[in-house]
Amino acid sequence: MISVVLIRHGPTEWNLKGRIQGHTDVSLSEAGRTEVSRWSVPSALNQHNWVTSPLKRAVETARLLSRREAQQEPRLMELNWGRWEGCTWDELHAAHGPALAKMLETHGLDFEPPAGESRRALLQRLQGWLSEVAAHARPVAAVTHRGVIHAALALATGWDMRGRAPERLDWSSAHLFSLRPEGHLQVDRLNLELRAQ
């Protein structure tokens, strides 16, 4: 079994305002940099290969956590939210009404924002990366995004991304998975606290 640790990037100004970021390249906020600098990763992660989404908020988080440059991996980028990037959920609910909630609930993996990417496509690119990790048989710690971590949870549990996630995830924590040699992911431990005690 290969250890795969997923960590979401620190907070940005858009997070604070509730804006959908997707592929928009938003940096960490000053408060976000301060928060991440207070996180402490388990010493066991020093033996992991550090990789990161190429988006600034993930690259900055990886640099603060690992104290070195992490390899950038485009398949760890957030879901492409297309024309909805920069919008808040309140704005989208006002524009689309009850149809939005129904769309999110009924389409599950096949939900696709206008001019964006489906959740199924995100799962496929993540699975491609995981297959390569399995082939190299080296543990990895990856700084990525909420959507990618949800996709990993879906791969590990069979969740079809309808309704709430089967587990509540803390976005200031590390999420530990185990990867079988054939590329199958399973949950090891979720919500490993990173905040300094």
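This briefing describes the nonpolar cores, the helix α7 and the residue Glu117. The structure is a predicted model, in which local features need pLDDT of at least 70 and side-chain atom pairs count only at pLDDT 80 or more, while totals for chains, interfaces and linings use all residues. Residues are numbered from 1 along each chain as its sequence is written, and side-chain values use heavy atoms, with hydrogens and water left out.

**Nonpolar cores**
- The largest nonpolar core (buried Ala, Val, Leu, Ile, Met, Phe, Trp, Tyr and Cys residues joined through side-chain atoms within 4.5 Å) has 39 residues, of which Val4, Leu126, Trp129, Phe177 and Leu179 touch the most other members.
- Among the elements that give two or more residues to this core are β1 (2-8), α6 (119-136) and α7 (146-157); helices (H or I, at least four residues) and strands (E, at least two) are DSSP runs, numbered from the N terminus.
- Another core, of 17 residues, lies apart from it and includes Trp50 and Val143.

**Helix α7**
- Nine of the 12 residues of α7 are buried, so this helix is largely enclosed by the rest of the structure; buried means under 20% relative accessible area (1.4 Å probe, protein chains only).
- The buried residues of α7 pack against β1, α6, β4, β5 and β6, with contact meaning heavy atoms within 4.5 Å.
- Gly158, with a positive phi near 85 degrees, follows α7.

**Glu117**
- Glu117 sits in the loop between α5 and α6 and is buried, at a relative accessible area of 13%.
- The side chains of Glu117 and Arg125 are joined by a polar contact of 2.8 Å; such a contact is a pair of N or O atoms within 3.5 Å, where within protein one must be able to donate a hydrogen and the other to accept it, and residues adjacent in sequence count only if both atoms are side-chain atoms.

Technical notes. Buried means under 20% relative accessible area, exposed over 50%, partly exposed in between (1.4 Å probe, protein chains only).
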